[in-house]
Amino acid sequence: MSLVDKWKLNYFAAADPRLSSIARRVLVLLCNYYNDKTKQCNPSQLRMSRDLGVTDRTIRNGLSDLVLYDYIKIIKKGNVGFSTMYAI
């Protein structure tokens, strides 16, 4: 995903009235975590909650919105000690 693609995705998300403000913030964060070399995006919810200064429940709510409206897909669910892998 190129920088332009990330910018366009965030631009459309910012204009989408269905998304909450936290969902938009989570999407920006996921774009920042996306690794172009490995094509992976797998930050933990705890890491994202610390980065945004919100609870992990708030992060889960934002992720749910992003999945619901097809901005992201969950590729592999995480467990304790293993992060979830996301596709943007």
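**Notes on the predicted model**

1. Let's start with W7, which counts as exposed at 56% relative accessibility, because the cut-off for that label is over 50%. W7 sits in helix α1. Together with Y11 and F12, W7 makes a nonpolar patch on the surface, about 420 Å² in area. If you are looking over the outside of α1, this is a spot to pull up on screen.

2. A word on confidence before going further. This is a predicted model, and its average pLDDT over the chain is 88. A score of at least 70 is reached by 94% of the residues. Where is confidence highest, and where is it lowest? Helix α4 comes out on top at 94, while strand β1 (residues 73–76) is at the bottom with a mean of 82.

3. Helix α2 runs over residues 21–33, 13 residues in all. From first C-alpha to last, α2 reaches 19 Å, and the span expected at 1.5 Å a residue is close to that, at 18 Å.

4. Which residues of α2 are buried? They are I22, A23, V26, L27, L29, L30 and C31. As for what lies over them, the cover includes the helices α1 (3–15), α3 (45–52) and α4 (56–68), and also β2 (85–87). When you look at the model, try showing those elements around α2 and colouring the buried residues.

5. Now the charged pairs. The salt-bridge count for this model is 3, and the cut-off behind that count is a nitrogen-to-oxygen distance within 4 Å. I'll go through the pairs in turn.

6. D16 and R18 make one of these bridges, with their closest N and O atoms 2.8 Å apart. Is D16 buried or exposed? D16 counts as buried, since its relative accessibility is 8% and the limit for buried is under 20%. Its partner R18 is partly exposed, with a relative accessible area of 47%. D16 belongs to the loop between α1 and α2. Leaving aside residues up to four places away in sequence, D16 also touches R24 and Y71. So this aspartate is worth a look from the contact side as well as from the salt-bridge side; its 8% accessibility is what earns it the buried label.

7. R47 and D51 form another bridge, and here the closest N and O atoms are 3.4 Å apart. What separates the two residues along helix α3? They are 4 residues apart, which means about one helical turn. The general rule is that an α-helix has 3.6 residues a turn, so residues three or four places apart point the same way. Both ends of the bridge are partly exposed: R47 has a relative accessibility of 46%, and D51 has 39%.

8. The R60 and D56 side chains also meet in a salt bridge, at 3.1 Å from N to O. Both residues lie in helix α4, 4 residues apart, or about one turn of the helix. R60 counts as partly exposed at 29% relative accessibility, and D56 gets that label at 36%.

9. Two backbone angles deserve a quick check. K39 has a phi near 60°, which is a positive value in a residue other than glycine. K39 is placed in the loop between α2 and α3 and is exposed, with a relative accessible area of 51%. D70 is not a glycine either, yet its phi is positive at about 60°. Where does D70 lie? It is in the loop between α4 and β1. D70 counts as exposed too, at 61% relative accessibility.

10. Last, a pairing that the sequence alone won't show you. S44 and T84 are 40 residues apart along the chain, and their C-alpha atoms are separated by 6.6 Å. S44 lies in the loop between α2 and α3. With a relative accessible area of 26%, S44 is partly exposed; it misses the buried label because that label needs a value under 20%.

Terms used. Residues numbered from 1 in each chain as written. Predicted model: local features only at pLDDT ≥ 70, side-chain atom pairs only at ≥ 80, totals over all residues. Heavy atoms only, no water. Expected span 1.5 Å × (residues − 1). Buried < 20%, exposed > 50% of the residue type's maximum accessible area, 1.4 Å probe, protein only. Contact = heavy atoms within 4.5 Å. Patch = residues over 30% accessible without salt bridge, like charges linked within 9 Å, V, L, I, M, F, W, Y side chains within 5 Å. Areas by Shrake-Rupley, 256 points an atom, 1.4 Å probe, with all protein chains shown as cover. pLDDT = per-residue confidence, 0-100.
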